[in-house]
Amino acid sequence: MKILYCASEANPFAGSGGLADVAGSLPHTVCRKGHDCRIVMPLYGTIPYELKCQMNFITNFTVPVAWRHQYCGLFWARWNDCTYYFIDNEYYFKRDKLYGFYDDAERFAFFSRAILEMLPYIDFHPDLIHTNDWQTALVPVYYYLFYSKNPWYYNIKSLFTIHNIQYQGKYGWEVNTECVGIPPTETKILEMDGKLNMMKGAIFCSTRVNTVSPTYCTTRSTRTTTSSAVS
């Protein structure tokens with residue numbers, strides 16, 4: 001099976017918590033079982049210099065971000081058993097930390113769309129795209145709306161894993177016009193409690209949804225209404 005594992009952080013390149021641990025270990029286990037599992041993440045400014053030296057430039061292209069197009073550079077590196085791809089845009093990712101900026105919605109809308117745009121450039125047609133948490137939640141949304149009817153992208157399944165349900169990518173609707181770019185006729189995919197909710201969109205559009213562990217699923221099920229929003 002060919003799998004593209006999408007994460008906003010992955011060890012040893014960049015990490016702030018448990019997602020980086022999972023992204024830095026699970027795909028390698030999958031590769032050792034005989035599958036072609038590749039990882040894609042942003043090319044952050046915080047990545048250590050010695051790791052950046054191992055990266056190789058592939059190409060550059062532009063990525064739709066709502067009403068405009070933004071530069072995207074694409075790099076790759078081999079680490080242990082897996083191939084890593086790195087989405088480069090210094091305006092979005094050359095910063096002193098991973099998250100916590102006023103434009104995080106735009107940064108990760110760009111990242112999510114760039115993941116899908118890069119696939120023909122690397123000639124990789126995955127059987128499954130595995131996304132994680134709100135930072136990549138728009139990948140299945142964009143696939144459903146803009147790519148699923150394109151013959152090159154046909155029949156790609158998606159899995160969305162929730163690591164931290166407290167952060168769902170909730171924003172006011174102005175973010176859609178400026179950053180996300182979902183057509184007005186399709187905003188129901190992202191609407192929850194009158195706001196734009198990226199995680200809800202991933203739950204709506206993904207082939208399958210799971211949590212980082214059965215225990216997490218059980219303990220969090222009574223603390224959120226996200227899963228009930230898709231019925």
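This report covers strand pairing and one helix packing in a predicted model.

## The β3-β4 hairpin

Strand β3 spans residues 56-65, and strand β4 spans residues 68-79. The two run antiparallel and are joined by nine bridges. One pair can be located by residue: V63 has Q70 in β4 as its bridge partner.

Two residues separate β3 from β4 in this hairpin. A66 sits in the turn, with a positive phi of about 55°.

## The β4-β5 hairpin

Strand β4 also pairs with strand β5, residues 82-88. The sense is antiparallel, and seven bridges hold the pairing. Two phenylalanines face each other here: F75 stands opposite F86 in β5.

β4 and β5 form a hairpin as well, with two residues between the strands. In its turn, N80 has a positive phi of about 55°.

Strands of a sheet pair through backbone hydrogen bonds, in parallel or antiparallel fashion.

## The β8-β10-β9 sheet

Three strands make an open sheet in the order β8-β10-β9, with antiparallel pairing. β8 (170-171) and β9 (191-192) are the edge strands, each pairing on one side only.

β10 covers residues 195-197 and pairs with β8 over two bridges, in the antiparallel sense. Within this pairing, K170 stands opposite N197 in β10.

## Helix α8 on the sheet

Helix α8, residues 198-205, packs on the β8-β10-β9 sheet. The helix touches β8, β9 and β10. How is α8 directed with respect to β10? The angle between the two directions is about 55°.

Methods: Residues are numbered from 1 along each chain as its sequence is written. This is a predicted model: local features need pLDDT of at least 70, side-chain atom pairs count only at pLDDT 80 or more; totals for chains, interfaces and linings use all residues. Side-chain values use heavy atoms; hydrogens and water are left out. Two strands pair if DSSP finds at least two bridges between them. Helices (H or I, at least four residues) and strands (E, at least two) are DSSP runs, numbered from the N terminus. Contact means heavy atoms within 4.5 Å. Axes are lines fitted to C-alpha atoms, for helices over the stretch in contact, and angles run from 0 to 180 degrees between N-to-C directions.
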